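Subject: Structure handover

Hello,

Please find the structure below, as agreed. My notes on what turned up in it follow.

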Amino acid sequence: MSNIHLGVSEAHILKAIITNNNALSHLILYGNAFGVEGARILSEGLKVNHGLQLLDIGCNRIRNKGATAIANGILGMGSESRLRVLSVKNNFINEKGFKQF
């Protein structure tokens with residue numbers, strides 16, 4: 001689902017998919033436009049998903065606040081998270097945002 005202009009409204013749908021589908025192991029959302037608010041929405045699904053192993057949300061303009069939300073979603077899983085690969089490149093995240101991970 002890369003480069004198809006997913007926005008905030010689609011982030012709600014993705015949250016439902018992430019929340020209710022622990023069989024989902026890879027999710028590539030590179031190059032969309034869901035921004036900070038979309039990242040916050042996705043983070044809610046990440047808190048309860050036990051199956052996702054790869055998440056690529058590069059080029060989505062999530063900035064530091066979105067990175068913090070994603071980190072909180074992943075860290076909210078604690079040791080139950082199976083996430084092994086996370087790409088957040090090209091999201092206007094500086095050192096402050098990366099410290100969340």
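Lys47 is a partly exposed residue, because its relative accessibility is 35% and the class runs from 20% to 50%. Its side chain meets that of Glu44 in a salt bridge, with 3.4 Å from N to O. Glu44 is partly exposed as well, at a relative accessible area of 39%. Please keep in mind that this is a predicted model.

The search of the whole structure gives two salt bridges. Besides the pair just described, Glu37 forms one with Arg40, where the closest N and O atoms are 3.6 Å apart. Glu37 and Arg40 are three residues apart in helix α2, so about one helical turn separates them. The relative accessible area is 39% for Glu37, which is partly exposed, and 37% for Arg40, which is also partly exposed.

Arg40 has some further entries. Its place is in helix α2, residues 35-46. Leaving aside neighbours within four places in sequence, Arg40 is in contact with Lys65 and Ala69. The C-alpha atoms of Arg40 and Arg63 are separated by 11 Å, the two residues being 23 apart along the chain.

Which charged residue is buried yet has no salt bridge? That is Asp56, and the nearest side chain of opposite charge, Lys89, is 6.1 Å away. A salt bridge needs a nitrogen within 4 Å of a carboxyl oxygen, so a separation of 6.1 Å does not qualify. Asp56 lies in strand β2, residues 54-56. Its contacts, without neighbours within four places in sequence, are Leu27, Ile28, Leu29, Tyr30 and Ser87.

Next, the empty space. Rolling a probe the size of a water molecule over the atoms shows where such space is left. The search of the whole structure finds one cavity of 30 Å³ or more. The largest cavity has a volume of about 70 Å³. Its lining consists of Leu46, Asn49, His50, Leu52, Ile74, Met77, Ser81, Arg82 and Leu83. By type, these lining residues divide into five nonpolar, three polar and one charged.

Last, two backbone angles. Asn3, in the segment before α1 (8-20), has a phi near 55°, which is positive in a residue other than glycine. Asn90 is not a glycine either, and has a positive phi of about 55°. Asn90 lies in the loop between β3 (85-87) and α4 (95-98).

Regards

Key: Residues numbered from 1 in each chain as written. Predicted model: local features only at pLDDT ≥ 70, side-chain atom pairs only at ≥ 80, totals over all residues. Heavy atoms only, no water. 1 Å grid on protein atoms, 1.4 Å probe; cavity = no way out; pocket = protein on both sides within 12 Å on 5 of 7 lines; lining within 4 Å. Points joined across faces, edges and corners; volume = space filled by probe spheres on them. Nonpolar A, V, L, I, M, F, W, Y, C, P; charged D, E, K, R; others polar. Helix = DSSP H or I, 4+ residues; strand = E, 2+ residues; numbered from the N terminus. Buried < 20%, exposed > 50% of the residue type's maximum accessible area, 1.4 Å probe, protein only. Lys, Arg positive; Asp, Glu negative; His and termini not counted. Contact = heavy atoms within 4.5 Å.
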